[in-house]
Structures are given as C-alpha cells and as structure tokens.
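Grab a pencil and have a go at these two exercises. Try each task yourself before you read its solution.

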Amino acid sequence: NPGSSGTGMEAAVVPGRDARAPAASQPSGCGKHNSPERKVYMDYNATTPLEPEVIQAMTEAMWEAWGNPSSPYSAGRKAKDIINAARESLAKMIGGKPQDIIFTSGGTESNNLVIHSVVKHFHASQPSEAHTGAHHSPVKGAKPHFITSSVEHDSIRLPLEHLVEEQVAAVTFVPVSKVSGQAEVDDILAAVRPTTCLVTIMLANNETGVVMPVPEISQRIKALNQERVAAGLPPILVHTDAAQALGKQRVDVEDLGVDFLTIVGHKFYGPRIGALYVRGLGEFTPLYPMLFGGGQEWNFRPGTENTPMIAGLGKAAELVTQNCEAYEAHMRDVRDYLEERLEAEFGQKRIHLNSQFPGTQRLPNTCNFSIRGPRLQGHVVLAQCRVLMASVGAACHSDHGDQPSPVLLSYGVPFDVARNALRLSVGRSTTRAEVDLVVQDLKQAVAQLEDQA
C-alpha cells in the first residue's frame, strides 16, 4: 500500500521518466483516486523525491560496487570508477573541472568547510616578522572579516554567528534591498575592510526564490583584489551556496566567477549528500580539512567514500545537464499558472505575492504568498488543508509557529502579511490540474477558518 506511511507522499510525487507527462504526477494518495488522502506535494524547495534513474544508479552501486574504493580488486575498482564518473558529471553540470569537486555529506558540511577553511587560511597567510621587516602588516593580529547577506540559510548564518560569539571573526550581515529583494553589489563592496577574507552570498533564496547578483559581486571583488594585493592586503574569496538554484536554472561557475560553490543533492532529485566546488583546488584556492583520516578526496575530506550515494548524485547531475531547460520551462509555466489562479480565486487585493520584485529574476518554481486576513496565519491555513503539502518557509523553521519568517521581514514584508505567508514550490512533475486542486483546497481551508470566527 503506497499510502501506508501516513502521508501518501510517495505515491503522490514520484516523477515519471518524462517530467512533462501529466500522468507522472497523478497524486494518487492511498491508491484510490477519490480518496480523501489524495495529496499534492508542493514543498520541492525543502526536498525532492529521487528520480527513478537515481534510485537505479544507487541500487546498482550497492550490488556491484560494494568494495572499498581504495582497494585494488574489481569491486573496489568499480567503486572508484563510479566515484570518478560522478565527479565528472557534477563538474559538467556546473561548468567546472572534475579535480575541483569534493564530495561532502551535504550543504551544511560544504558551507561550514568553506567558512572554517577561510579562517584558517587568513591566519596561515599572515606574513611573519621576518617577511615584513620594519613594515607592519595592516591585518596582523586582526580577526578575519566575513561579508554575507541577512537572508542566508542557517548553515551559513549560524557558523558565522558562532565565530563572532567565540571572538574568532567579525561578520557584516548586509541587509537585502526592499526594492530589488537582492543583496546589492554596492552595499557588499561598501562593507569591505582590510581584513575581509570571504564574501558568501546565496545564489537564490530558499523562501522567495530571489536570484542574487553573484556574477557582478565576483567581478567587483576580482577588480578590488588587484588593488588589495598591491597594498599588501589578503585577496577576498567569493562563495555561493547554490543549493536552491541547481536543477532550476543554468548554473555555471565561469559565469558566476566564484571561488567556492555549494552543491546539495536532495534539492535536484538526488540523494542527501552534497559536494563543494573549489576553483583550482589547493592550487589557486585554499581548502583546509575539518576532518583527518584516511586521505580520501585528496585529504581534503577523508573517510571511505559513500559510493551508492555518490553514484546517485552523479546520475542526478547528469539529468540536470540533459534536461535543465525543459525542467525550468515546465516549472515556470506551472508556477505562473498557480499565481494566476490564486489571484483569480482570492482577488488581487487579498493575495500578497511576497516574492515578486520588479525587474528581479527569481527561481522558476517558487511562489511565496500571503492570504490577507486576521485568522489566516500560514501554519493555521496549512493545518486546515486536506490536499496541499507545503511549508510556511524554510523547512528547518517549520516549528516556529506564529512567528513570521525573519527572511520575509528582511525583505520588507509587513509583519501581519509575513505571518500569513505560505511557500509553495513546484517540481518537475507538478501539473496544472494539481494547481487547481491546491487552490480549491486553500479556498475551503480559508472558508472554514473564517466560518469558525
């Protein structure tokens, strides 16, 4: 019974081979099409189901490549080959080189690895007295300084706050513009200090879908670095957490110009591991391991490799490389239809689209909106829904109850509107028919809540 887990999600969302085939995503709930358990999943920014080809690649690796990838016999060699092929697939997906990819346990590890590496590098690259002679280094004895935005994922914000608490580093959280929804390039440059060592700005926001101006940030930092090196200051590195953008729009490290890029498998129909791209790993861009062990991943991330998961990640990357434009077009069509239907059913005055900023690009799949009304807090509306599975914001904050999302407040969304926010994110297999079901479900939820008043 596919609905035996209690949610019916597995039956509802397993995508077919052709992402655009409407039959692929019939939300069959517990196997009966008219069953009240029929569900529609619209929380793809939180996580995605595994593509059938990904499950197949992982299963084959479990059966055939169970050997230790460092071993010389066939099961070990097979594992090593799978890992190398996956590294190539990931590199191809982002326009980088295979030798610049490190496998990690996920986005949180990748982000922490970058932050801790940069702190270590800042101290390791301080010129010694012998080198500086009589000249006092402008950064000697100072704390490394980081620049980030006020709307980053917790796996960036919390490690940085932790470093500040421990008095290990200084951090500037640049607020996003209430006009563009972006961390503005000029604001980031204005925050630069002599001790600045890293700018880390997400490629796209997980709650609003707003795409950040990462290529412009990289260009400006690169130009500034030439002046800094001449003045004896450390060059500034640039990192982007690309978790939400991969699989939804083209991501190319050459266009972005970044030194580090975080890859998260479970956001693009892959398994729950990740990777880190490091431009010219160990040669042009420093990386310092957080773990020490058997020397795997060129010593940067030791530990016997998780071959089946890496196989799945490689396959998921391959599918993105082949189909990204089709995925993007499909998701944009369904998301735009969703926003049209919401405005048509509730009226434009009643619906507040929290993620639309004129002239700013956003992810093709994300719709963050509020239905105005005193009793229509996001979590209350969701609890009343029978069909819709979604969240009020980042999945990691879903237990914050009545509190509005700090990210939406940063974007200038008024408190009462932000408290009513729902984040609907569509996937490769979401259909217009499912959108109709969801809008009707929201209508019944709202009507019921207002009747109770």
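A polar contact is a pair of N or O atoms within 3.5 Å. Keep in mind that you're looking at a predicted model.

**Exercise 1. Work out where Asp-100 sits and what surrounds it.**

Step 1: find the place. Asp-100 belongs to the loop that runs between helix 3 (74-94) and strand 2 (101-104).

Step 2: buried or exposed? The relative accessible area of Asp-100 is 6%. Buried means under 20%, so Asp-100 counts as buried.

Step 3: list the neighbours. Leaving out residues up to four places away in sequence, Asp-100 touches Leu-276, Tyr-277, Val-278, Arg-279, Gly-280 and Leu-281.

Step 4: pick out Gly-280. Along the chain, Asp-100 and Gly-280 are 180 residues apart, yet their C-alpha atoms are separated by 6.1 Å. A polar atom of the Asp-100 side chain lies 3.2 Å from the backbone nitrogen of Gly-280.

**Exercise 2. Sketch the open sheet made by three strands and add the helix that packs on it.**

Step 1: draw the strands in the order 9-10-12, with antiparallel pairing.

Step 2: mark the edges. Strand 9 (351-353) and strand 12 (421-425) each have a single partner strand, so one side of each has no neighbour in the sheet.

Step 3: add the twist. On average, neighbouring strands here are turned by 30° against each other, direction ignored.

Step 4: join strand 10 (residues 366-371) to strand 12 with five bridges. Put Ser-370 opposite Ala-421 of strand 12.

Step 5: lay on helix 10 (residues 307-346), which touches strand 9, strand 10 and strand 12. Its direction makes about 10° with that of strand 10.

Definitions and conventions:
Residues numbered from 1 in each chain as written. Predicted model: local features only at pLDDT ≥ 70, side-chain atom pairs only at ≥ 80, totals over all residues. Heavy atoms only, no water. Pairing = 2+ DSSP bridges. Helix = DSSP H or I, 4+ residues; strand = E, 2+ residues; numbered from the N terminus. Axes fitted to C-alpha atoms, helices over the stretch in contact; angles between N-to-C directions. Contact = heavy atoms within 4.5 Å. Buried < 20%, exposed > 50% of the residue type's maximum accessible area, 1.4 Å probe, protein only. Polar contact = N/O pair within 3.5 Å; in protein donor to acceptor, adjacent residues only side chain to side chain.
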